[in-house]
Amino acid sequence: MNYDMEDTQNSAPGILPSNQAAKLGAPRKGNDAQSTTKRLQTELMQLMTSPAPGVSAFPNSDGGLLSWTATIEGPEDTPYSGLTFKLSFAFPSNYPYAAPTVLFKTPIYHPNVDFSGRICLDILKDKWTAAYNIQTVLLSLQSLLGEPNNASPLNGEAAELWDKNAEEFKKKVLGRHRVVDDE
Amino acid sequence: MPGRTASARRQRVFDSVFGKASISLPTPVATPATGFTPSGQIFGVPPARPNVPDGLGQSLANVRDDAGHRSQSREVPSFVASHVNDQVRWDRSWHMVTHQLHLPDFPENRGVLEPLRPERDSIGADFYNALEVVLYPQQYVPLARQTEDIVAWHTSQVRQHFLQQVFPILSCLKSQTDPRALLLRGVKILETAHRQYLHGLSFIKEQIDTSAPETSQLVITRFARDLHAIISNSSIEPLQDALKKVLGWHVFAILGLPKTTSLYGPYRVTESKSHHIAAENQETEKSRRELLGLVESLNNVGLTGEKFHVAFAEIMNDAMTEYVYHGCKGIWSPVKDGLRSEFDVPGHVEHSSKKANPSLLLPRTAHHSSPSRCVTDLCEWIENRYAKLAVQVLSMLDTKIKVSWIDMEKFKVISIDRLANLRINELFDIVVNWPRSSGALDDLRTAITTAEKRLRLTDVFAHTLNNNLLHPGASTILILQTYISMIRSFHALDHSKVLLDRVAYALQLYLCSREDTVRIIITGLLSNTEDSKGNPIEPTGDKLVELAHLLNDSSENFGHRANDEELDWHDPDWIPDPVDAGPGYKRSKTADVIGTLIGVLGSPEVFIKEFQNIIGENFLKHDGTFEKEIKVLELLKTRFGEAPLQACEVMLKDIQDSGRVNGVVRRNQNLDPSEEELNAARTNPDMLDENMSPEGLLKPSLHAKILSRLYWPQLQDENYRVPDTITELQRRYEEGFESLKASRKLTWLHTLGQATVELELDDRNVTEEVHTWQATVIWAFRNDGPGSKIAERTVQDLVQNLEMDEVLVRSALRFWVKKLVLHEVAPNRFAVMETLNQEDRARSKAQSTASSVPGANDESVDDTGMGANDGIGEEKLGIYWNFIQGMLTNSSPTMALQQIAMMLKMLISEGFPHSNEELQEFLGRKVAGGSLELVGGRYRLKR
């Protein structure tokens, strides 16, 4: 019986102890599943140790670290205040060298979000760099709620209403919002 | 000629299939077959015999006369003429007979009373004469070339009639929904048809009887056989389902089985839990009569062919399965429970005499010293009801199958086999329910006789074990408890331990992968078997108290080496090793639970190390004689030998010695309670309690335990500044010790001690048994005089003043906050709570009651063990809480404890070292705090 093995046997399979993972992960760079997992794990730890107000994210319960769910609370003084929005994050295997795919799960009425939840945000597209992380993306999205980019709207009507009729816009926002409770 | 008959036969077969009614049609009279023209005869010449027309013209009534003249006519040389003559006569007779016997159409709703055709009255002597000719053509018309067997003809006409007219009616019956009515109707139709067919045959039979008695029987049986063959082969098909159902009902009713089973029940009633075998009563008798009546009528119409046998066999098979799988399922207790016996009373009185010697009931193969209840019941049931029914039914059938005594033995063997299967599948639950399930183990012991069955038992059990227990969802305590049950129940099942060894291997391997196994075993061994009031503590979920019970139980003689037995040549009870014992097999007479458990852990080092840690903790924390520790130590010594346990011995000796040294030093240095204190104690009414010692009442007092540094595990040497009074005491104690043991020096280990702290607050007094570092921290808050400002300290102050590690300081502060002595007035700033408000008072009361529950105190102390990294754990909880919040917000809104633990283990990179129980307790605190709620076993965030 090898008792040195005790620790690793009890920990979850596939995840190396941190010291070992660091050894493996450090010298490598590139499209490596190991480093992606490690990066995501670090981000998770970061999110947990220093959470930002109004946003949170967590891996889905299916076990893989590559799909997360996040929650954004609508900022005060915007039509979205008091509402919460769920988003799904799907990380590519070469994350952070490619942007995650982010979708609104909660129906949202917003100039830069279309009706199936796709988001028009430059840092999620061509402006993505590895320096961004989940938290920054969430904070960007939160500020996007207050300051939509009406120059390139996905929802033209919303963009127009935002500028012209705030009252009506707010009504549309409330009308579209729905609490999604999957699972 | 042979070609001709062959073609005729083929024609008949052909017709019977395709239904061309040519045979049943009367042969035309006008064109008699003349046969081939014999050689030498001119073709086309009319028959030479002039008297042929006469012959034809003769009344058929004279055929007999004619037969009488046959010898004369034989003498007529013209054989051609006689050929034709005979043939014609044959043909006419054939026509006559077949015409009469032709079966009428089968009316669908034919009454029983309706006369059968042909009616007996309408038949004259002509018919009988013709029949005679047809029956014995050799005798009457020897020269007729084309003759046929009238019985064969009748059979084929019956077959055709049946297929064309009766069978469709039967097929239509399928639409009937009630199987009973369907069967009844079907049988009636068949009976009618049968009567019709036999009626036709009866004429032939009569004729045969009159002309050639004795031979008719053969004809009849052959006909009956053919008829039954066709009926049972064709008509059983539409009736089969109904037949099976009705048979099933009756059989189940007769055998006392519940009718509500899925197979034969008319409706699916929700299965009731209490399966019991109804006793024989009026109902079963009625069913029995009905069944036998049914079988008789079926037999009469020929429905009891092979298919019936198969159906009946299937039902009997199912009945046995039903009895075993439902009647015996879950009945594990060794004595009859009330419900069962209640139902047994009326029917089983008659058997009570037999019960006196149950071994009579068992089949010879299963003869065993102590047959178990279920097996006895089962055999009794087989003998008195099952076999009886089989005999009765089979005797109704005209087959050669008879149920013999040997068959009954076989029934019993089969049923016991099934019982064994059932028990094997239930075995895991049986083991878990030990010792309430000893009856079931008796069953197994009776039934498991061969090595193959033993192998199967272990295979199945190992599989269930793997599925049910060896996964992260089961706590180590649960696994160990199951293992203990396994050891004992398998020992009851099989003294040789072979079975246990086979199933336990995977379990042992798995236990080795659990970190807390050793600790749980040792704490179990060392735990109290009785609470403070002397009541035995029931085994609970959090400690393996069973082990302590076992340890105290003297009947369990552990530690005896098994090989003593091998040398005992005079042992009259010696039995050879089981055939399936593996190499290195050692026999042991007792279950030896503790021995086996310790043996699980493979290497003694791990065990001893853990044991050392735990007794070290106990030694330091408590005073007393440590009887339990000594007992366990002795046990371990017999198992592992003296040498590996030397360190523990030294530890024990240290403690015992330091008790003495302590006394001497204290006396020499005047550290014992002073006169003042003794007086104060006498005047203080609270001190009347004898247990309260007077010492420490007015000033601090010090006791020491002197440890041999090398032999104690990981002694923690964090240092901090102890209060001055204590330092003074320590100095005096040191002096005393050095004067006593000249060459030795005392090094104080501040953090390891225990202190009794008495706090006098404005509105209350608090007395706590705490660690020394906790005492030191609260000391720092002390007030020098009444009326001064409430003491406030920051964490930084404390760290600096006490030169103590910040982790320890925070941990101590948290402890005192929990005890409602301190509170955090601002971040990192703590103050003494001199007075409690209403709410706090309630909480403090609740706490004190909670801590008075035996064991709860131990728990809280255990948490802050020697390792001193408990403070870090507390710090971590904040992050864990973030994780839990994160997953409940995002991942899924409700989660079970198990899931949460899994996620934490998976996602926290440095691992989640806490057990599910600890997590549960943590979550429980959150629930109490109102940030979580527990709904249906799942946690969710409170909104």
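Here is a short chat between a visitor and a guide about this predicted model.

Visitor: Which element of chain A has the lowest mean pLDDT?
Guide: Since this is a predicted model, confidence is a good place to start. Chain A has a mean pLDDT of 78, and 80% of its residues reach 70 or more. Over residues 1-31 of chain A, though, the pLDDT is below 50. Among the elements of chain A, strand 4 (residues 101-104) has the highest mean, 92, and the lowest, at 40, belongs to helix 2 (residues 18-25).

Visitor: How are the planes of Y95(A) and W128(A) arranged: stacked, edge-to-face or tilted?
Guide: A pair of aromatic rings is described by the distance of the centres and the angle of the planes. Here the centres of Y95(A) and W128(A) are 5.9 Å apart, with 40 degrees between the planes. An angle under 30 would count as stacked and one over 60 as edge-to-face. That leaves the Y95(A) and W128(A) pair as tilted.

Visitor: How many residues apart are Y95(A) and W128(A)?
Guide: Y95(A) sits in the loop between strand 3 (84-90) and strand 4 of chain A. W128(A) is in the loop between strand 4 and helix 4 (134-146) of chain A. So the pair links distant parts of the chain, and the gap is 33 residues.

Visitor: Is Y95(A) buried or exposed?
Guide: The cut-off for buried is under 20% relative accessible area. Y95(A) has just 1%, so Y95(A) is buried.

Visitor: What kind of pair do F815(B) and W816(B) form?
Guide: Over in chain B, the ring centres of F815(B) and W816(B) are 5.0 Å apart. Their planes meet at 80 degrees, and because over 60 is the cut-off, the pair is edge-to-face.

Visitor: What should helix 31 (residues 806-818) of chain B span?
Guide: Helix 31 of chain B has 13 residues, and the expected span is 1.5 Å times one less than that number. Its end C-alpha atoms are 18 Å apart in the model, which agrees with the expected 18 Å.

Visitor: Which residues of helix 31 of chain B are buried?
Guide: One of them is W816(B), which counts as buried because its relative accessibility is 0%. The full set is L808(B), V809(B), S811(B), A812(B), L813(B) and W816(B).

Visitor: Which residues does Q730(B) touch, not counting those up to four places away in sequence?
Guide: Q730(B) lies in helix 28 (residues 724-740) of chain B. With a relative accessible area of 8%, Q730(B) is buried. Leaving out residues up to four places away in sequence, Q730(B) touches L702(B), V722(B), W748(B) and H750(B).

Technical notes
Residues are numbered from 1 along each chain as its sequence is written. Chains are lettered from A and ligands numbered from 1 in the order in which they are written. This is a predicted model: local features need pLDDT of at least 70, side-chain atom pairs count only at pLDDT 80 or more; totals for chains, interfaces and linings use all residues. Side-chain values use heavy atoms; hydrogens and water are left out. pLDDT is the predictor's confidence in each residue, from 0 to 100. Helices (H or I, at least four residues) and strands (E, at least two) are DSSP runs, numbered from the N terminus. Contact means heavy atoms within 4.5 Å. Buried means under 20% relative accessible area, exposed over 50%, partly exposed in between (1.4 Å probe, protein chains only). Rings of Phe, Tyr and Trp (its six-membered ring) pair if their centres lie within 6.5 Å; planes under 30 degrees apart count as stacked, over 60 as edge-to-face and the rest as tilted.
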